[in-house]
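Got your viewer open? Let's take a walk through this protein, one selection at a time.

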Amino acid sequence: TATPERLLVTGGAGFIGANFVHYWLSRHPGGRVVVLDALTYAGNRASLAAAEGRPEFRFVHGDIRDQALVETLLREETIDTLVHFAAESHVDRSIEGPDAFVNTNVVGTHSLLKAARAVWLAGAAPARHRFHHVSTDEVYGSLDADDPAFTETTPYAPNSPYSASKAASDHLVRAYHHTYGLETTISNCSNNYGPYQFPEKLIPLCILNLLDGKPLPIYGDGSNVRDWLHVEDHCRGIELILQGGQPGETYNIGGGAERANLQVVESLCAIMDALRPAGAPHARAITFVKDRPGHDRRYAIDERKLRAALGYAPARSFEDGLRDTVTWYLARQDWWKPILSGEYREWVGRQYAWN
Ligand code: NAD
């Protein structure tokens, strides 16, 4: 497989996208990384500050549903590799308002596929290209405690509007490979954590609440299990797939760290006790809130395919990754303070109002 050199990264101002941009630029200097991002509530240009100004980097403010814009970018930047992160990504928001999820995740992904087909497959000799689609293990549904982990052949059974929209996008990507010969790959990964994560998700929400002496909200009885993946391990998994993955294939990426939500929050409390800045409050009231409707019990990833095919293995233990993440949030108040704005506060208030 040819080396990816000129990348279009959609959703590069989001949590995983921004981490990927930094990861890629540090390991592939001299290439090209063009970010296309609509800067929704979840997009934050400040997450890309370390890349701005580098000659390899360009930021384009735009929507993935703008097919003409995407075609222009693919052509004028002679992009060979599209890495598609852009999405509406928060399950709770999809319960409150599913339309944006269908629009961005389904219609938006299809628009990108159409643009890629129009530019890369037009003419007698298709251009060297790769369309990589970043997806989630939530498309496989929910596991019971003793079920085997999800493999790439586990039947799709999405339960939330979010996971249903991601499942639909996965199917479209697959269809564009089988029908039109677009060179696609898909990765389905478990819950990510790490720097630059918007504080609506469990780990950064709890870190910031701990710093502020606020309660730590946990759904149900806290026994729901997720398989935690440090975002840098995820980025390495994607890099391996871009470099050596087979067109038409799907790869699961996991962190090998199944933990119940309550365990995660207790680990966070212990780390915060050790790292707590002088003067920060000691309150750590864990509050069990009414369960999310349709809440999946357990996700677990079987990553043996990626391990065997491309030598993937997560580099960090969950406990080390969690400590690094807390350290990052403690050091980067400049990043998260501006996010705690009216819109965010209103959302957090509304979210727990349905309980
Ligand atoms: P995020 O919500 O932090 O970022 C999404 C980014 O996409 C934002 O920068 C946003 O501005 C941008 N965006 C949204 N709609 C857009 C549009 N119409 N056009 C252009 N840009 C748009 O998401 P994330 O957590 O970084 O997730 C990235 C991808 O990884 C998503 O596809 C998500 O489904 C997938 N994923 C995430 C996780 C996780 O734990 N966070 C796990 C598995 C899979």
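Start by selecting helix 2 and helix 4, and look at how one passes the other: the crossing is right-handed. Keep in mind as you go that this is a predicted model. Helix 2 covers residues 67–76, and helix 4 covers residues 99–120. Their axes come within 9 Å and cross at roughly 40 degrees. Why do we call helix 2 and helix 4 oblique to each other? An angle counts as roughly parallel under 35 degrees, and as roughly perpendicular from 65 to 115. The crossing of helix 2 and helix 4, at roughly 40 degrees, is in neither range, so the pair is oblique.

Now show the side chains where these two meet. On helix 2, pick Gln67, Val70, Glu71, Leu74 and Arg75. On helix 4, pick Ser111, Leu112, Lys114, Ala115, Ala116, Ala118 and Val119. Colour them by class and you get 7 nonpolar, 2 polar and 3 charged residues in this contact.

**Slide over to helix 5**

Keep helix 4 selected and add helix 5, residues 161–180. The axes of helix 4 and helix 5 come within 8 Å and cross at roughly 15 degrees. That makes helix 4 roughly parallel to helix 5, since angles under 35 degrees count that way. Helix 4 passes helix 5 in a right-handed crossing.

Which residues of helix 4 take part here? Select Phe101, Val102, Asn105, Val106, Thr109, His110, Leu113 and Arg117. Across from them, in helix 5, you'll find Pro161, Tyr162, Ser165, Lys166, Ala168, Ser169, Leu172, Val173, Tyr176 and Tyr180. By class, the contact of helix 4 with helix 5 has 11 nonpolar, 5 polar and 2 charged residues.

**Helix 1 and helix 7**

Next, select residues 15–27 for helix 1 and residues 231–244 for helix 7. Their axes cross at roughly 65 degrees and come within 9 Å. Helix 1 passes helix 7 in a right-handed crossing. From helix 1, show Ile16, Asn19, Phe20 and Tyr23; from helix 7, show Val231, Glu232, His234, Cys235 and Ile238. This contact of helix 1 with helix 7 has 6 nonpolar, 2 polar and 1 charged residues.

**Two neighbours in helix 8**

Jump to helix 8, residues 261–275, and click on Ser267. Is Ser267 buried, exposed or partly exposed? Counting gives 17 other C-beta atoms within 10 Å, so Ser267 is partly exposed; buried would take 20 or more. Leaving aside neighbours within four places in sequence, Ser267 is in contact with Glu319 and Leu322, so add those two to your selection. Then try drawing a distance from Ser267 back to His110: the two are 157 residues apart in sequence and 40 Å apart in space, C-alpha to C-alpha.

Click on Glu266, also in helix 8. Glu266 is partly exposed, with 16 other C-beta atoms within 10 Å. Draw another C-alpha to C-alpha distance, this time from Glu266 to Arg284: you'll get 9.5 Å, for residues 18 apart in sequence.

**Two odd backbone angles**

Time for some loops. Most residues other than glycine have a negative phi. Select Leu39, in the loop between strand 2 (32–37) and strand 3 (57–61). Leu39 has a positive phi of about 50 degrees although it is not a glycine. With 14 C-beta neighbours inside 10 Å, Leu39 counts as partly exposed.

Where is the other one to visit, Thr78? Look in the loop between helix 2 and strand 4 (81–84). Thr78 isn't a glycine either, yet its phi is positive, near 40 degrees. Thr78 has 11 C-beta neighbours inside 10 Å, so it counts as exposed, the cut-off being 12 or fewer.

**Zoom out**

Finally, clear your selection and show the whole protein as a cartoon. How many helices and strands does the protein have? There are 12 helices and 13 strands. The radius of gyration is 20 Å, close to the 20 Å that the globule rule gives for 355 residues, so the protein is as compact as a globular protein of that length. Turn the C-alpha trace along its principal axes and it spans about 65 × 45 × 40 Å. Of the 355 residues, 42% count as buried. Among contacts between residues at least 6 apart in sequence, 84% join residues at least 24 apart.

Note on methods
Residues numbered from 1 in each chain as written. Predicted model: local features only at pLDDT ≥ 70, side-chain atom pairs only at ≥ 80, totals over all residues. Axes fitted to C-alpha atoms, helices over the stretch in contact; angles between N-to-C directions. Helix = DSSP H or I, 4+ residues; strand = E, 2+ residues; numbered from the N terminus. Parallel < 35°, antiparallel > 145°, perpendicular 65-115°, else oblique. Left-handed = near helix turned anticlockwise from the far one by under 90°. Contact = placed C-beta atoms within 7 Å. Nonpolar A, V, L, I, M, F, W, Y, C, P; charged D, E, K, R; others polar. Rg over C-alpha atoms; globule rule 2.2 N^0.38 Å.
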